[in-house]
Amino acid sequence: MAALSAPLVSLPRYPTANNHLLSLIDQCTNTKHLYQIHAQMLRTGLFFDPYTASRLITASALSSFSSLDYAHRVFDQIPQPNLYTWNTLIRAYASSSQPNLSVVVFLEMLYQSCELPNKFTYPFVIKAASELKALRLGTGFHGMIVKASLASDVFILNSLVHFYGSCGHLELAYRVFLNIRNKDLVSWNSMITTFAQGNCPKEAIELFREMEAESVKPNDITMLGVLSACAKKVDIEFGRWVCSYIERNEIRVNLTLNNAILDMYVKCGSVEDAKRLFDRMPEKDVVSWTTMLDGYAQSGNYDEAHRIFEAMPSQNIAAWNALISSYEQNGKPKEALATFHKLQINKSAKPDEVTLVSTLSACAQLGAIDLGGWIHVYIKKQEIKMNCHLTTSLIDMYSKCGDLEKALDVFNSVEKTDVFVWSAMIAGLAMHGRGRAAIDLFSKMLEAKVKPNAVTFTNILCACSHSGLVDEGRNFFHQMETIYGVVPGVKHYACMVDILGRSGHLEEAMEFIEKMPMAPSVSLWAALLASCRLHVNVELAEQACSQLLELDPRNHGAYVLLSNIYAKTGKWDRVSALRKFMRDSGLKKEPGCSSIEINGIIHEFLVGENSHPLTKEIYSKLDEVAAKLKSVGYVPNKSHLLQFVEEEDMKEQALNLHSEKLAIAFGLISMGSSQPIRVVKNLRVCGDCHSVAKLISGVYEREILLRDRYRFHHFKGGQCSCMDYW
DNA sequence: CTAGGGTTAG
C-alpha cells in the first residue's frame, strides 16, 4: 500500500536541497542568479513543487532587479499551478506598473483553475482595481466576495475601504468601514487616509478622535493621515498639537513622518517651523528638500528657494516644478518661463506633465503663443501621454493667446475628456464672445454624460455675460442648484450681477444682491460699479463704490471706475477731489501695460513708455496712424481719458500713449502683414483704443487680437467680435 | 509559505 501511494518522483517535503535553494533565492542580487536557481530546480525536479516554484516567481517579480516578464514565463512552465501560485502572480502584477494584468491573470484563473479565489486573492486584485481606479471592476469583486462569504474578512474589507476611497467614493468607503465588525488599526488608518486624501480633512480628524475614544492606539501611518488632513485644513494650531501628541505617545518618527510634518508646516504657512525641523532631521531625502524648497517658493522667498535648490543633492524634476509653478501662481509668469528655459539648457531633468502644465499656464498669462505652441509640438514629439490636465492647459493657453481655432482643434482631437476639459473649452468660447457656441457646447457636455461643476457654471455664466444673453443667464443660474445640484457660490452671484448690470438691469441687479444668502465680494461690487459706468448711474455707482471700499479700502480700481463715471458726467470737481484723495493716501492707479510677442520674445509697453529701442519708430508710426484715421473722420474721444489730465491738448497726447496703442504700433512695424497682431493688456481696454483698433483693422487690413483683463476683442475689417458690448 | 494602511510638485 505504501509503495502504491508514493509519487513517481519522490519529493521529500522539506529536503535539505530544497531549503538550501530557497535560502539561495533570498541571496540573489541579479537575474543571472535566478536563472541558475531556476535551472537547478528544473534539473532536480524541485520546480514541480508549487511552493518552491512560487518562491521563484515572487523573487523574480518583486525583487529590486525584478522582471515580471520572466516571472510570468516561469509561471507558464508550471503544469498545474495551485492557488498559492496564482496568488503570487496576481500579487506581483497588482503592485507593478501594469495592474491591469493582475486582473487578466485573475480572470484566467477563474477559467482555467478548478480552485476558487480565496481570502488572499481578493486583497491583491482589489489593490489592482484601486490602482486602476476601476470602480465597476472593484464593485464586481465586492459582489463576488459577498457571494463567496468572505465579506467578514477584515483584510478584504480594509482593502475595499481603500479601493472605494481611491475611486473618490468616500460614502461607499465609509459604508464598508462601518460594516467592519472587528476593526483593527489598519481599518482606522485606511478610513482616515481616505478622508484626508479625499478632501474631507474635517472628517479625517473627527475619525481620529473617535479612534482615540475607542482606545485604539495610533501608529505612524495614522499620524501621516492626520497630518495630511491638518495641511489640507490649514490648521497650524491643530498641527502643532499633533506634533506634541506624536512625542507624548512615543510614536516612532521616521523619515516619512518627518516629511509629513514638514509638509504640514509649509501648507499651514509656517516656513520657519519647517526650517527648524528640516535642520534637525537626522535623515533627509528628495521629498524633504523639495517640500522645503516649495515652502520658500510658495511664500515668495525666492532667495531662500534658490539657495535650497542649489544645496539639494540632486535637482529632480519636482524641484524645478516647485520653482516654475510657484512663479506661475504668484503672478510671475516671466520668471516661470525663464526657469523653464534654464531647465531646457541644463538638461539635468526631463520636463514632465506637471512642468508642462505650469509652463503652459505661464504662457497663457503672458499670451506667449509661440512658446505655448512649441510645447504643444514638444508633447507630440516626446510622445508625452496627454492627460486631462494637459488637455485643459493647452485649451486654456490657446484660448488666452487668442487662437480659438487651435483650442477647438485640441478639444476635438482628444479621446479623454473630463469636466475640466469641457469647462476650459466653454471658457475659451466665452472669452471670445461666442456665447451661443458656449451654450451649445454645454448641451453637448450634458449629452456626453459629464456632470457640470461650479467651474463650469462660472464659465457658462461668463459666456452669457459677454454675449448679453440675459434670459439664458438667469435660467442657468436658477437651474444650477435645482437641476444640477451645484450650490451657487459668490462667484456665480458676481457673474449674475455682471449679466444683469451690463445689460442695463441695474435695479434688478441691486435687488439680486439684496437677496443673496452670503456677503457680496469685492469683484461683485466691481461688476456693479462697471455696469454703472456703462449705463451712467452716478448714485448707484457711489453706493457700490463705498461698499467695495469697505471690503477693500485700498482698491484703486474702485476709485478709477468712480472717477471715470464722474468724468463721463462732467463732474470734474469730483474727479479732482478723488484724485487728491488718492494722492494723499498714496494710492496709485495700476499702470496700464500691454505686451506683444514677436518671434518668441515678449515686448512689454507701459503707458507712456519710451524705453523700447524702437521708440522713435513706434511714435512716428502712431503719428502716421493718427493722420490716416483723421482722414477717415476719426475724432479722439477724450472722455475715455482716465489719467486726470487737466490741460486739453495734453489729453489727446495722453490717449496716444496708452499701452495698447504702443503695442499695436509696434506690431504694425515688426510683423508680416498676413499675421494677426496679438496684444495682451493688464487692464480693461479703453474706449478710445477700442475705436482706434477697429479703424486700424479696417484701414490697414490687419487682424488685431486684443486680450484685456476680462475678454478678447477680435478686430477685423473695422468691426470687433464683442459687437461693442463689453 | 501569501494580505490590507504612507510623505512632495498641478
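The legends below describe several close-up views of a predicted model.

**Figure 1. Overall view of chain A in the predicted model.**
Chain A has 726 residues, of which 50% count as buried. Its secondary structure comes to 39 helices and six strands, and along the principal axes its C-alpha trace spans about 120 × 55 × 55 Å. Salt bridges, three of which are named pair by pair in the views that follow, reach a count of 18.

**Figure 2. The salt bridge between Asp273 and Arg240.**
In this pair, the closest N and O atoms of Asp273 and Arg240 are 2.6 Å apart. Because Asp273 belongs to helix H17 (residues 271-280) and Arg240 to helix H15 (residues 236-248), the salt bridge ties together parts that are 33 residues apart in sequence. The two partners can also be described by their exposure: Asp273 is buried, with a relative accessible area of 11%, whereas Arg240 counts as partly exposed at 37% relative accessibility.

**Figure 3. The salt bridge between Lys267 and Asp263 in helix H16.**
Lys267 and Asp263 form a salt bridge in which the closest N and O atoms are 3.1 Å apart. Both residues lie in helix H16 (residues 255-267), where a separation of four residues places them about one turn of the helix apart. Lys267 counts as partly exposed, with a relative accessibility of 47%, and Asp263 is likewise partly exposed, its relative accessible area being 24%.

**Figure 4. The salt bridge between Lys621 and Glu624 in helix H36, with a note on a network elsewhere in the chain.**
The side chains of Lys621 and Glu624 meet in a salt bridge, with a distance of 3.5 Å from N to O. Lys621 and Glu624 are separated by about one helical turn, because they stand three residues apart in helix H36 (residues 615-631). Lys621 counts as buried at 16% relative accessibility, while Glu624 is partly exposed, with a relative accessible area of 33%. Apart from this pair, Arg240, Asp273 and Arg276 are joined into one network by salt bridges that share partners.

**Figure 5. A nonpolar patch on the surface, formed by Leu107, Leu110 and Tyr111.**
Together, Leu107, Leu110 and Tyr111 have about 340 Å² of accessible area in this patch. One of the three, Tyr111, lies in helix H7, which covers residues 99-112. With a relative accessible area of 74%, Tyr111 is exposed, since a residue counts as exposed when this value is over 50%.

**Figure 6. The second largest pocket and the residues that line it.**
The second largest pocket holds about 820 Å³ of space. Of the 28 residues in its lining, those closest to the centre of the pocket are Ser130, Ser159, His162, Ser166 and Thr194. Helix H8 (121-132), helix H10 (154-166) and helix H12 (185-197) are the elements that give two or more residues to this lining. When the lining residues of the second largest pocket are sorted by class, eight are nonpolar, 16 are polar and four are charged.

Key. Residues are numbered from 1 along each chain as its sequence is written. Chains are lettered from A and ligands numbered from 1 in the order in which they are written. This is a predicted model: local features need pLDDT of at least 70, side-chain atom pairs count only at pLDDT 80 or more; totals for chains, interfaces and linings use all residues. Side-chain values use heavy atoms; hydrogens and water are left out. A salt bridge is a side-chain nitrogen of Lys or Arg within 4 Å of a carboxyl oxygen of Asp or Glu. Buried means under 20% relative accessible area, exposed over 50%, partly exposed in between (1.4 Å probe, protein chains only). Patches are made of residues with over 30% relative accessible area and no salt bridge: like charges are joined within 9 Å, nonpolar side chains (Val, Leu, Ile, Met, Phe, Trp, Tyr) within 5 Å. Accessible areas come from the Shrake-Rupley method with a 1.4 Å probe; for residues, only the protein chains shown count as cover. On a 1 Å grid over the protein atoms alone, a cavity is a set of points where a 1.4 Å probe fits but cannot get out, and a pocket is an open set with protein on both sides within 12 Å along at least five of seven lines; lining residues have an atom within 4 Å of a point. Grid points are joined across faces, edges and corners, and a volume is the space filled by probe spheres set on the points. Ala, Val, Leu, Ile, Met, Phe, Trp, Tyr, Cys and Pro count as nonpolar, Asp, Glu, Lys and Arg as charged, and the others, Gly among them, as polar.
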